[in-house]
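Trainee: Could you take me closely through the sheet of this model, strand by strand, and then through what packs around it?

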Amino acid sequence: MSLADERIRELGLKLPKIDLHGKGIVAIRQHGNLLYTSGHGPEREDDGSPIWTGKLGKDLTVEEGYQAARECGIILLAQLKSYLGNLDRVDALVKVLGLVASSEDFYQQPQVMNGFSDLMVDVFGERGKHARSAMGTYVLPKNIPVEIEMIVRIRD
């Protein structure tokens with residue numbers, strides 16, 4: 001078992017099964033030793049329906065947004081594992097972009113995105129620390145509250 005898999009087990013997480021083929025988009029694109037992920041929201045494994053919906057500051061609290069961002073992280077970890085075969089091939093998370101569907105008077109996008117960032121550090125330690133942008137947006141697909149994409153440096 002890889003060190004990252006051991007941490008995931010210790011955290012009590014279950015990664016969903018991910019099929020990276022036949023979705024009409026490229027979920028992960030590799031260029032050299034960098035992986036670029038498409039944006040992903042908090043969706044159910046079985047049918048892709050949203051786990052969380054609504055806007056932060058109107059329908060959801062900061063804590064609910066934090067959990068939605070954490071769920072995005074779990075899905076992205078599953079995609080990385082499916083693509084790489086072993087999460088210990090992750091050398092470093094380089095850059096993360098988080099979009100947070102927000103009411104016009106909501107300004108706590110960084111606190112929402114901490115749900116993702118905290119999870120990555122819990123799983124990868126220093127390798128999970130990353131540069132990050134947290135941006136508010138008016139609407140996201142399927143009325144999801146958070147969508148996250150990232151750039152990851154991998155080992156051979």
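Mentor: What follows goes through the sheet, the helices on it, one loop and one pocket.

The model is a predicted one, and its secondary structure amounts to three helices and five strands, which succeed one another along the sequence in the pattern α-β-β-α-β-α-β-β. The five strands form an open sheet with mixed pairing, and their order across it is E1-E2-E5-E3-E4. At the edges stand strand E1, residues 28-31, and strand E4, residues 131-137; each has a single partner strand, so one side of each is left without a neighbour in the sheet. From one strand to the next, the twist averages 15 degrees.

Let us cross the sheet from the E1 edge. E1 and strand E2, residues 34-37, run antiparallel and are joined by four bridges, and in this pair Gln30 stands opposite Leu35 of E2. E2 then pairs with E5, again in the antiparallel sense, over three bridges, and here Tyr36 has Ile151 of E5 as its bridge partner. On the next step, E5 and E3 are antiparallel too, and their pairing extends over nine bridges. Two of the residue pairs can be named: Val96 has Met150 in E5 as its bridge partner, while Leu97 is partnered by Glu149 of E5. In a regular strand the side chains alternate between the two faces of the sheet, a general point to keep in mind when looking at successive positions. The last step, from E3 to the edge strand E4, is a parallel one with seven bridges, and in it Val100 stands opposite Gly136 of E4.

As for the helices, H2 lies across E1, E2, strand E3 (90-101) and strand E5 (146-154), and runs at about 40 degrees to E5. Helix H3, residues 109-124, also packs on the sheet, where it touches E3, E4 and E5, and its direction makes about 160 degrees with that of E3.

The loop between E4 and E5 deserves a separate look for its backbone. Lys142 is placed in this loop and has a phi near 60 degrees, a positive value in a residue other than glycine. Asn143 lies in the loop between E4 and E5 as well, and its phi is also positive, at about 65 degrees, although Asn143 is not a glycine. For background, most residues other than glycine have a negative phi.

Turning to the surroundings of the helices, the second largest pocket has a volume of about 220 Å³. Of the 13 residues that line this pocket, Asp5, Lys14, Leu15, Pro16 and Lys81 are the closest to its centre. Helix H1, residues 3-10, and helix H2, residues 62-84, each supply at least two residues of the lining, so that H2, which lies across E1, E2, E3 and E5, takes part in the pocket lining as well. By class, the lining comprises seven nonpolar residues, five charged residues and one polar residue.

Finally, the chain as a whole can be set against a simple expectation: with 156 residues, a compact globule would have a radius of gyration near 15 Å, and the chain, at 15 Å, agrees with that. Along its principal axes, the C-alpha trace spans about 45 × 35 × 30 Å.

Technical notes:
Residues numbered from 1 in each chain as written. Predicted model: local features only at pLDDT ≥ 70, side-chain atom pairs only at ≥ 80, totals over all residues. Heavy atoms only, no water. 1 Å grid on protein atoms, 1.4 Å probe; cavity = no way out; pocket = protein on both sides within 12 Å on 5 of 7 lines; lining within 4 Å. Points joined across faces, edges and corners; volume = space filled by probe spheres on them. Nonpolar A, V, L, I, M, F, W, Y, C, P; charged D, E, K, R; others polar. Pairing = 2+ DSSP bridges. Axes fitted to C-alpha atoms, helices over the stretch in contact; angles between N-to-C directions. Contact = heavy atoms within 4.5 Å. Rg over C-alpha atoms; globule rule 2.2 N^0.38 Å.
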